[in-house]
Amino acid sequence: MVETYSVPLTRIVEEFKLDVAFMSTDYASIRLTVGDVARPGLQLAGYFDHFEPMRLQVMGNVEMSFLDKLSPAERAIIFNRLFSYKFPALVLARGFRPDQQCMEMAQKHNITVLCSQEATSSLVSGIITFLGAELAPRITRHGVLMEVYGEGVLLTGDSGIGKSEAAVELLKRGHRLIADDAVEIRKVSPYSLMGTAPALIRDYVELRGIGIVNVAKLFGMGAVKAENEINLVVNIVPWNQQQVYDRLGLEDQFVDILGVQIPMNTIPITPGRNLAVILEVAAMNIRQRKMGYNPAREFTDQMNRYFDENMGKNQ
């Protein structure tokens with residue numbers, strides 16, 4: 001079952017500093033469940049086919065100019081039909097205030113009316129971006145999320161394998177912590193994931209034998225970050241003599257998280273391996289690959305050219 005999320009209308013009002021011109025009786029309980037925002041231009045002209053009443057409705061200069069050309073009786077008819085669809089709220093942008101007909105029909109149908117000083121396009125794009133992040137599909141994974149050279153590196157592996165210890169070593173080397181132990185992952189687009197820490201454990205790291213450490217207070221505020229895109233998953237496993245590990249890196253590995261394919265490296269560890277340095281190299285390597293450079297393929301091409309040239313000389 002896919003879990004759905006919602007955002008209280010009151011949070012939108014607070015986030016975008018909206019003025020409440022009319023407050024419906026259910027104002028405090030209204031929740032938005034879709035990430036899109038609509039501008040009801042066609043609906044003002046009477047076309048309600050494909051109208052989505054779950055969306056927040058925003059009116060700006062175009063819609064208000066159209067309404068100004070109508071008589072009060074015509075405006076009353078339009079608002080009566082529009083508000084009958086019981087959408088979450090109507091937002092008037094650019095400092096417009098609701099006229100008498102709008103207020104009367106809002107009260108009749110118990111629909112909240114809000115006002116904003118922002119330009120319509122910037123208000124709509126801002127609300128869509130905000131809702132997209134808040135309503136994004138999400139999952140919580142056990143692991144550690146670090147920002148290493150600007151790349152979000154998610155460390156996974158069995159409990160006690162050394163993920164938190166590697167995180168502390170990376171912190172000492174100037175990198176930043178996003179989450180330890182539990183990572184909340186949100187799908188913010190079809191191709192990208194954002195990771196953050198649950199509010200209860202944000203900025204904390206657990207080290208066996210020492211206990212809980214507050215990273216922000218111990219290493220400074222520059223050592224923590226609220227969220228970061230996940231660019232690479234590093235699965236840390238114990239070294240197994242019977243296992244064959246990729247030594248060239250020609251075969252790209254990916255892990256599926258919420259339907260997004262994220263590059264993955266499997267790193268076997270033994271006592272004495274400097275995991276922090278390996279993770280730094282992994283982060284720099286994934287950045288190179290994103291820029292179009294693949295050292296494994298370059299090395300293989302060089303080897304192939306070398307053998308081709310030498311085989312030609314020996315024949």
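Reader: Is Thr 270 buried, partly exposed or exposed?
Author: Happy to start there, with the reminder that this is a predicted model. Thr 270 sits in the loop between β17 (260–269) and α9 (275–290). Its relative accessibility is 31%, and the class in question runs between 20% and 50%. Thr 270 therefore counts as partly exposed.

Reader: How far apart in space are Thr 270 and Val 237, C-alpha to C-alpha?
Author: Along the sequence, 33 residues separate Thr 270 and Val 237. In space, the distance from C-alpha to C-alpha is 9.3 Å.

Reader: Let's turn to the open sheet of five strands. Which strands stand at its edges?
Author: The order in this sheet is β2-β7-β6-β5-β4, with mixed pairing. An edge strand has a single partner, so one of its sides is left without a neighbour in the sheet. The two strands that fit this are β2 (19–22) and β4 (37–38).

Reader: What is the bridge partner of Ala 38 in β5?
Author: Strand β4 pairs with β5 (residues 56–59) in the parallel sense, over two bridges. Within β5, the residue bridged to Ala 38 is Gln 57.

Reader: Do β2 and β7 run parallel or antiparallel, and how many bridges join them?
Author: Strands of a sheet pair through backbone hydrogen bonds, in either of two senses. One bridge links Phe 22 to Val 113 in β7. In total, β2 and β7 run antiparallel, and the number of bridges joining them is three.

Reader: What is the handedness of the β-α-β crossover from β6 to β7?
Author: Strand β6 (residues 89–92) and β7 are parallel partners over four bridges, and Ala 89 has Thr 112 as its bridge partner in β7. Between the two strands the chain passes through helix α5 (residues 100–109). This crossover is right-handed.

Reader: Which residues of β7 point the other way from Thr 112 and Leu 114?
Author: In a regular strand the side chains alternate between the two faces of the sheet. Strand β7 covers residues 112–115, and all four are buried. Thr 112 and Leu 114 point one way, and the other way point Val 113 and Cys 115.

Reader: As someone who thinks about reducing agents, I'd like to know how many disulfides the structure holds.
Author: A pair of cysteine sulfur atoms must lie within 2.5 Å to count. For Cys 102, the nearest cysteine sulfur is that of Cys 115, 8.4 Å away, and Cys 102 is in no disulfide. Cys 115 is likewise in none, with the sulfur of Cys 102 as its nearest. The number of disulfides is zero.

Reader: What are the relative accessibilities of Cys 102 and Cys 115?
Author: The limit for a buried residue is under 20%, and both cysteines meet it, Cys 102 as well as Cys 115. The values are 1% for Cys 102 and 5% for Cys 115.

Reader: Stepping back to the whole chain, what is its radius of gyration?
Author: The protein chain has 10 helices and 17 strands. For 315 residues the globule rule gives 20 Å, and the chain is well over that, so it is more spread out than a compact globule. Its C-alpha atoms fill a box of roughly 95 × 60 × 35 Å along the principal axes. The radius of gyration is 27 Å.

Reader: What share of the accessible surface belongs to carbon and sulfur atoms?
Author: Of the 315 residues, 42% count as buried. The accessible surface of the chain comes to about 17500 Å². The share belonging to carbon and sulfur atoms is 52%.

Key:
Residues numbered from 1 in each chain as written. Predicted model: local features only at pLDDT ≥ 70, side-chain atom pairs only at ≥ 80, totals over all residues. Heavy atoms only, no water. Buried < 20%, exposed > 50% of the residue type's maximum accessible area, 1.4 Å probe, protein only. Pairing = 2+ DSSP bridges. Right-handed = clockwise from strand over helix to strand, strands pointing away. Rg over C-alpha atoms; globule rule 2.2 N^0.38 Å. Areas by Shrake-Rupley, 256 points an atom, 1.4 Å probe, with all protein chains shown as cover.
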